[in-house]
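Reader: Hi! Could you walk me through this one? I'd like to talk about the chains, a strand and some of the empty space.

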There are 4 protein chains.
Amino acid sequence: MIKTDTISAQNAKYEANLRADYAALGDKLARAGIDIDAVKERAKSFGVAVPSWGTGTGGTRFARFPGEGEPRHIFDKLDDCGVIHSLTQATPSVSLHIPWDKADLGDMLAKAEEHGLKFDAMNSNTFQDQPDQAQSYKFGSLSHNEAATRQQAIEHNLECIEIGDKLGSKALTVWIGDGSNFPGQTHMGRQFERYMGSMKEIYKGLPDDWRIFSEHKIYEPAFYSTVVQDWGTSYLIASELGDKAQCLVDLGHHAPNVNIEMIVSRLIRQGKLGGFHFNDSKYGDDDLDSGTIDPYRLFLVWNELVDAEGTEGLNLSHMIDQSHNVTDPIESLMISAMEIQRAFVQASLVDRKALAGYQDANDALMASATLRAGFRTDVEAIVAMARLETGGAIDPIMTYRASGYRAQVSAVRPKVSGAGGGIV
Amino acid sequence: MIKTDTISAQNAKYEANLRADYAALGDKLARAGIDIDAVKERAKSFGVAVPSWGTGTGGTRFARFPGEGEPRHIFDKLDDCGVIHSLTQATPSVSLHIPWDKADLGDMLAKAEEHGLKFDAMNSNTFQDQPDQAQSYKFGSLSHNEAATRQQAIEHNLECIEIGDKLGSKALTVWIGDGSNFPGQTHMGRQFERYMGSMKEIYKGLPDDWRIFSEHKIYEPAFYSTVVQDWGTSYLIASELGDKAQCLVDLGHHAPNVNIEMIVSRLIRQGKLGGFHFNDSKYGDDDLDSGTIDPYRLFLVWNELVDAEGTEGLNLSHMIDQSHNVTDPIESLMISAMEIQRAFVQASLVDRKALAGYQDANDALMASATLRAGFRTDVEAIVAMARLETGGAIDPIMTYRASGYRAQVSAVRPKVSGAGGGIV
Amino acid sequence: MIKTDTISAQNAKYEANLRADYAALGDKLARAGIDIDAVKERAKSFGVAVPSWGTGTGGTRFARFPGEGEPRHIFDKLDDCGVIHSLTQATPSVSLHIPWDKADLGDMLAKAEEHGLKFDAMNSNTFQDQPDQAQSYKFGSLSHNEAATRQQAIEHNLECIEIGDKLGSKALTVWIGDGSNFPGQTHMGRQFERYMGSMKEIYKGLPDDWRIFSEHKIYEPAFYSTVVQDWGTSYLIASELGDKAQCLVDLGHHAPNVNIEMIVSRLIRQGKLGGFHFNDSKYGDDDLDSGTIDPYRLFLVWNELVDAEGTEGLNLSHMIDQSHNVTDPIESLMISAMEIQRAFVQASLVDRKALAGYQDANDALMASATLRAGFRTDVEAIVAMARLETGGAIDPIMTYRASGYRAQVSAVRPKVSGAGGGIV
Amino acid sequence: MIKTDTISAQNAKYEANLRADYAALGDKLARAGIDIDAVKERAKSFGVAVPSWGTGTGGTRFARFPGEGEPRHIFDKLDDCGVIHSLTQATPSVSLHIPWDKADLGDMLAKAEEHGLKFDAMNSNTFQDQPDQAQSYKFGSLSHNEAATRQQAIEHNLECIEIGDKLGSKALTVWIGDGSNFPGQTHMGRQFERYMGSMKEIYKGLPDDWRIFSEHKIYEPAFYSTVVQDWGTSYLIASELGDKAQCLVDLGHHAPNVNIEMIVSRLIRQGKLGGFHFNDSKYGDDDLDSGTIDPYRLFLVWNELVDAEGTEGLNLSHMIDQSHNVTDPIESLMISAMEIQRAFVQASLVDRKALAGYQDANDALMASATLRAGFRTDVEAIVAMARLETGGAIDPIMTYRASGYRAQVSAVRPKVSGAGGGIV
């Protein structure tokens, strides 16, 4: 936990400059008819869930290089999540992964409360074999050709719901690695039917006030075909399951060049957009920090979301899903939460009336420029002021480093040695 | 038209070898429990429509380099299509493009009958402006933000139906270039609603025994967003329109790396696969001759189709859609029709019972090998024998060249000079 | 031409706000130790060449939709270029395309001088057939398998040098469409040898103070193989030709996902980076306005260039190369020039000493954040002030629209009717 | 080891059919002027190295699902390699990976001799941290910004050479994961200089009769930039190092859509093609069995190699590099070796004189068809007969399964439990 004193001491260094920047930006926005304080209040309303697993160092199939003070269990992870939220004031909830995060539920609730955290969507895991697991997921889980394996996977998902229900979560995200590595390995039609059958069983176990999110991914770990390969299939699933089923969009799970914001627009129209897994990527599902590779793409996604505000029934669950291989995971999660928040605030600045006018006039150039004007605005003063006013840090990274948190936890959490990835 | 004598004379050269190859392959297949004659009958049953526009030399935005004897109008095009069918016996129908192919309908029917050709799906054109057209499609057609433009595009599609109905066609393919070149240029949600509204008007005008095909494409000519960008959106359209609406899959209209055969599988399940535009590509929508770049991909698509034979309501419309920039279009269309037929025949050889057994046993290696065994089989003797027995040419390319057809038409069809593409 | 009065009248509307923004940004930068006036002087030093052909509306193989007042010839084009430069003060030169821009050289020099313009790199055209051309480029030009065709293409390039030399140009850009559409169509090795042979002939004709730029492109118009397909081949060419040969990087000519800034880094190391064709793209060689799709990518390219300032022998030729299909080309070129300039200025703000420190400390997070800090800065006030102080417009687009230039030229330049692209 | 009796017993089942197929194909080829026995002799001359690590089950960052009888050490791996070679007669050598395969060299040589195996190129590993390693490779190895880390990586490579030299290897393959995950994380220019410096040190330690192979990869494990990202950079490295340095092409290490056979052609021209890592892929570096996804692409690579036979100095080192996640690795390696051999034999059937004639005549259609004719030929009888005549199995997979080898080794090699990949 970061002491309030530490935050205050750091903020004191930056506050004068922040106030100057905020005033200057306020003047500039006022000339455009925008009330900076109203935008700041929007910034304060922003929240994105941190993935519990994201607090540990990630890796690739080639290797994993752990850092200092790797969290040992969900309680360490919740401590780290508490740090992230206390500094950014933008991550009020945590998304859990079962079985990785299994522990005493009362203790988990207490720890979360200690940090002012809630639990967002639960994540099931049927892409790995756990010790003493009866059936292997080597050849699939919810779509496996053997009923016993499907049943085991169904029950695991039902258990995730049960755990989540006790923790106050209201959603289950289902992502599976099922598919095939070679043409012919599976019958793609029959495999999909088996998957639908399993999902219907899970859906039956969903409490009335819960939602189930279908998450698609073009490839990896399956390398020829994936059962839920794109938003089209994800939409079929959510449609067939029922009203409580929606689609979850992970920014890194698409074919090259795909226009993701268009998928967002389509799913909103169909009432089937449930939420996001935020991250950034250049090549495949790189799971890099949000906004670090193509920040304009992140903005364009938020442009659709801000545009759709007020759509009946729209209820989005925002989560980060990243792999932090070369950075301190706490820092990457803070940076990511702030970059996502930045895109949200920038999208909030778009002059939508002017934009619609240019669109109606087929003035492609000015329509495009109107969107860019929002993106171009440096809103750092707004988000920093939102943090300051809610007890967070003006500069979360520098404050975190000044706090010595990593060194403190490294003293009690044992060193983890480097380990190979999946290839050996 | 190719004289029967010419065909016979050429066939005489190849027949002995063909019969030897056919006998040898028959022995080999018999050992695997396959009756070659039954496969040959399947080959004879195969047909794919030739696109009327494909008989002319195509080009790129940079340039078009016409060949000798370019067809001047639909009658020349039908003559060329007649040549293709007479030699390959695999292209019994022609897919028309309006307004390019507008002419006296009685004359068209007579010309088609002369060549033993029928008319397959009609294609509308709202991606170009025609002389004296009231509204421009520069900023869209069926999704344009002005009602008058949408109306003009709707009426054009209704006219296509009207023409097609008189010609015996039973389907309309709708492909539009609508979209945008810049983020913000259009409101993607409202644009899609306008598109749906227009399509519903066209659908109302569809005769009871007709179908309407929605064709998606990831990009080009729109370079940032395309209204019908992928099969997911195409599926939404077909679902919302009604039972007579289905999706058409063009093999070149997908994002890089996308698994097309999986899309085929999904659409079959949903009862929404209407047909194909066949071609091949390495980079974008290259519109190259079918089977020339990735023949195994073509086979895998056919593997899904053969597997789905007998599915209730499955009624596929197969068309070629290519741009022939460096070859004699007649030759490219013949080669393409034969490559598509080859993939169909190879897929027919797959031992589906064994395949299912390997799939059920999670024997990925043998399942994959079983599929490849079909592909690996050289079925040239089967398709050539099917041609021979139906009056076609054993070697359509050599027979065509021997016929002197291109020189004959070049004598009467005026030379076309090279022209720039869209860039100048 | 835009009258000085018009510019002044428009600037008067924006000047007060600009001065306020400039002062506020100046304060902010001063706190970071940056002198805003020095940055502004850098902005003034920036220049990028406008492509003469870019002043006309472009198109795709499907269609071209001309706008009002399309330029008829190089003199109209130079007038349009004059407008662009007078308003942006960022485009002091024009890149010509032969034979499209062939005209009386004295008249061209006079017209250019009238607008204060110089001539940047010359562009040859051997990807189209011109009327009365002896040999066709259908199957290649500099790499054609017939010596006569190669010779014709060589002579055309030599003529481009000759023309350029009289106009004050100092470089020739060679981009060809040569390649193949099908595996086997050409022998890739022999084709490359023929290309090298032709380039050596052209190189011999290069004046001592000229450079020749080799421009690569992964595909289009050739759809299976392209002779100069990537920077690797382009580098081989430039190396083998000699010191006056360098590589030109077009931002849209790469395979999906390729890291372009890394190519820039490699070519700088080898002393073989000659310049750029700027544009933006989402899918293929979309030729969209610079900075409209992925502005951070543009910034990262400029980050390499600013970092490399002072490298011995580095002499870059910056040109725009875009196709303006749905906008007024003059507006798109102004926007593009300003976005490229913006990226240059933002890259100039990067704290390179801090960056190097983070890099040396393997502090990936802060290194990345340091780069983003430059990009995040809204430098509009700097580039607008640079324009104001050099006689340009604070808001070039609004000033251009207020000037009525497009209406004026439309009155004298005849209307061009819509035309099909290469497909018909 | 597979007993000769087992092989003979299995072959007896298939021999009659094989002889019939061989005779029929012989007749067919004879009509085309091809002597099937000569082709068979070429098939016998074929060899590709098996990667020692490929004998174990691979995985992804998500999970690894081991199979039965996983090899425990290099001796088990060599036993498995012996099985592969005895059945396919196509894998006479093994490529080692250090430190994974470190053991007593005398014992290794004895074991290899027992199976009639040689050692092909050595592979170093600086992409993982080994226990008790002084410096971590988390932030790079040969290009690390600290000299001590680079030195450690250099020494490891020199040790690989030393080991290999004693084992009879004649080449070192250097593949590193060095790069960065975020823009700015590294200075791409300085990082490359450090890499070159390290490589020069390794090159100094290379025996006169050795070669060093530079292997490029576009991404993974680095997700923003990779030091040796493409063939262009790999070529720079090999050129700068000297004559003993060449480039190694891994089929899965390219950007989407890249024409790999063209890279092969370019490297052959420059005298810098050293060899291959064979595998197949649909999305990223999927490391799937060779020839299972796009067999025509594999053929087109071999078409270049067969075409280049006789080129002075051409000396290629062929290796498989795959990850077998869902199959028995021994079976996948046998299938892969046979598919690579198949492509080689098919490419050997291409009528190169006819092909050159069509190329010279710009007859794109017939040139392309001529190439496909080689690919279309079912050469199974040729490669099977080559196996039969050299003591291998007509059907290696069925013979292997009949042998009970996997069950035998499972009895002595302990069961390995499932393990997570790099993400946890």
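Author: Happy to; we can take those topics in turn, keeping in mind that this is a predicted model.

Reader: Great. What rotation superposes chain A on chain C?

Author: A rotation of 180°, with 0.0 Å of shift along its axis, and the RMSD is 0.0 Å. The two copies are thus related as by a two-fold rotation axis.

Reader: And how much of chain A's interface turns up again in chain C?

Author: 100% of the interface residues of chain A are also interface residues in chain C, so the copies meet through the same surface.

Reader: Nice. Switching to chain B: how many residues of strand β10 are buried?

Author: Six of its six residues, 245-250, are buried, so I'd call β10 of chain B mostly covered by the usual cut-off of under 20% relative accessible area.

Reader: Which residues point which way from β10(B)?

Author: A245(B), C247(B) and V249(B) point one way, while Q246(B), L248(B) and D250(B) point the other way, and all are buried. In a regular strand the side chains alternate between the two faces of the sheet.

Reader: Which strands does β10(B) pair with, then?

Author: One is β8(B), residues 211-215, which pairs with β10(B) in the parallel sense over four bridges. There, S214(B) has C247(B) as its bridge partner. Another is β11(B), residues 273-278, again parallel and over four bridges. In that pairing V249(B) is matched with F276(B).

Reader: What kind of unit do β10(B) and β11(B) make with helix α8?

Author: With α8 of chain B, residues 260-269, they make a right-handed β-α-β unit.

Reader: OK, on to empty space. What lines the second largest cavity?

Author: The lining has 38 residues, and those nearest the centre are N257(A), R297(A), N257(C), D294(C) and R297(C). The elements giving two or more residues to that lining are α8 and α9 of chain A together with α8 and α9 of chain C. About 720 Å³ of space lies in this cavity.

Reader: And what volume does the second largest pocket have?

Author: About 1,600 Å³. The pocket is lined by 45 residues, with D21(B), E380(B), K28(D), A373(D) and R376(D) nearest its centre.

Reader: Which helices supply at least two residues each to that pocket's lining?

Author: From chain B they are α1, α10, α13 and α14, and from chain D they are α1, α11 and α12.

Technical notes
Residues are numbered from 1 along each chain as its sequence is written. Chains are lettered from A and ligands numbered from 1 in the order in which they are written. This is a predicted model: local features need pLDDT of at least 70, side-chain atom pairs count only at pLDDT 80 or more; totals for chains, interfaces and linings use all residues. Side-chain values use heavy atoms; hydrogens and water are left out. Copies are superposed by least squares on the C-alpha atoms of residues with pLDDT of at least 70 in both. Contact means heavy atoms within 4.5 Å. Buried means under 20% relative accessible area, exposed over 50%, partly exposed in between (1.4 Å probe, protein chains only). Two strands pair if DSSP finds at least two bridges between them. A crossover is right-handed if, with the strands pointing away from the viewer, the path from the first strand over the helix to the second runs clockwise. On a 1 Å grid over the protein atoms alone, a cavity is a set of points where a 1.4 Å probe fits but cannot get out, and a pocket is an open set with protein on both sides within 12 Å along at least five of seven lines; lining residues have an atom within 4 Å of a point. Grid points are joined across faces, edges and corners, and a volume is the space filled by probe spheres set on the points.
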